[in-house]
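User: Please take a close look at one part of this model, the second largest pocket, and describe what lines it. I would also welcome an account of how that part sits within the chain as a whole.

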Amino acid sequence: KAIRALASNKRIYLVPHLPDLVGLTMKCATDSKVTLCPKESLSLDHWIVRSAAAQAAAQLVKYGKDIRTRRLLHLGCRLTESSHSDIERQVLSTYRQHLDLSSPLVSIYGAIVGIAAFGYQAIQKYFLPHFRDLQRGVDLKEEGDTAQVQMTKEAIKRSVFVLL
């Protein structure tokens, strides 16, 4: 909520802090241990935290693109694709790295919702090429407590279903 409030406040210039803020929100989406309740390793609210963090990261990247575009137009510069999508590419590439089956299942979930937050083109480019491997591999992957693993697998399947 704090990140969203900062990004929506027109009086605060966040561009110098964007790499740090985006990195922190991405970590919340993909880290293996994210919870509002420190006593529980995988409480139900960690799904909400991951989804909100993914949305906040996408919002921050959009904020950075909007500010940079306005500044370049104000200076009379010609806009190119690379002038405002480098940070988006870096974020999406980082999420794509978490789609690897060697990552914890909760990190895979965070990567899926992170990519989804950037929209259809990001899904096509960064998620769909890995879809088949993930579909097969997630069912075979075993980690820790079986109830939590099953819940995570179901969350991944639901998020993939929503994407497709």
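Analyst: For the classes used below, Ala, Val, Leu, Ile, Met, Phe, Trp, Tyr, Cys and Pro count as nonpolar, Asp, Glu, Lys and Arg as charged, and the others, Gly among them, as polar. By these classes, the lining of the second largest pocket divides into 9 nonpolar residues, 1 polar residue and 2 charged residues. The model is a predicted one, and the values that follow are computed from it.

The volume of the second largest pocket is about 260 Å³. Its lining begins at the start of the chain with Lys1, Ala2, Ile3 and Arg4, continues with Leu24, Thr25 and Cys28, and is completed by Ile48, Val49, Ala52, Ala53 and Ala56. Three elements give two or more residues each to this lining, namely α1 (2–8), α2 (18–30) and α3 (45–74). Of these, α3 supplies the largest share, with 5 residues. As to class, Lys1 and Arg4 are lining residues, and Lys and Arg count as charged. Thr25 also belongs to the lining, and Thr falls among the residues that count as polar.

The setting of the pocket is a helical chain. The protein chain has 8 helices and 0 strands, and from the N terminus on its elements run α-α-α-α-α-α-α-α. Of its 164 residues, 41% count as buried. Among contacts between residues at least 6 apart in sequence, 66% join residues at least 24 apart.

Further along the chain, a helix pair may be set beside the pocket for reference. The axes of α5 (residues 105–116) and α6 (residues 120–127) come within 8 Å and cross at roughly 140°. An angle over 145 degrees would count as roughly antiparallel, and one of 65 to 115 as roughly perpendicular; α5 and α6 are therefore oblique to each other. In this pair, Ile112, Ile115 and Ala116 of α5 meet Ala122, Ile123, Tyr126 and Phe127 of α6. By class, the contact of α5 with α6 has 7 nonpolar residues, with no polar and no charged ones, whereas the lining of the second largest pocket includes 1 polar and 2 charged residues.

A last point concerns Leu140, which is found in helix α7 (residues 131–140). Leu140 has a relative accessible area of 70% and is therefore exposed, the cut-off being over 50%. Leu140 and Leu101 are 39 residues apart along the chain, and their C-alpha atoms are separated by 9.8 Å.

Notes. Residues numbered from 1 in each chain as written. Predicted model: local features only at pLDDT ≥ 70, side-chain atom pairs only at ≥ 80, totals over all residues. Heavy atoms only, no water. Axes fitted to C-alpha atoms, helices over the stretch in contact; angles between N-to-C directions. Helix = DSSP H or I, 4+ residues; strand = E, 2+ residues; numbered from the N terminus. Parallel < 35°, antiparallel > 145°, perpendicular 65-115°, else oblique. Contact = heavy atoms within 4.5 Å. 1 Å grid on protein atoms, 1.4 Å probe; cavity = no way out; pocket = protein on both sides within 12 Å on 5 of 7 lines; lining within 4 Å. Points joined across faces, edges and corners; volume = space filled by probe spheres on them. Buried < 20%, exposed > 50% of the residue type's maximum accessible area, 1.4 Å probe, protein only.
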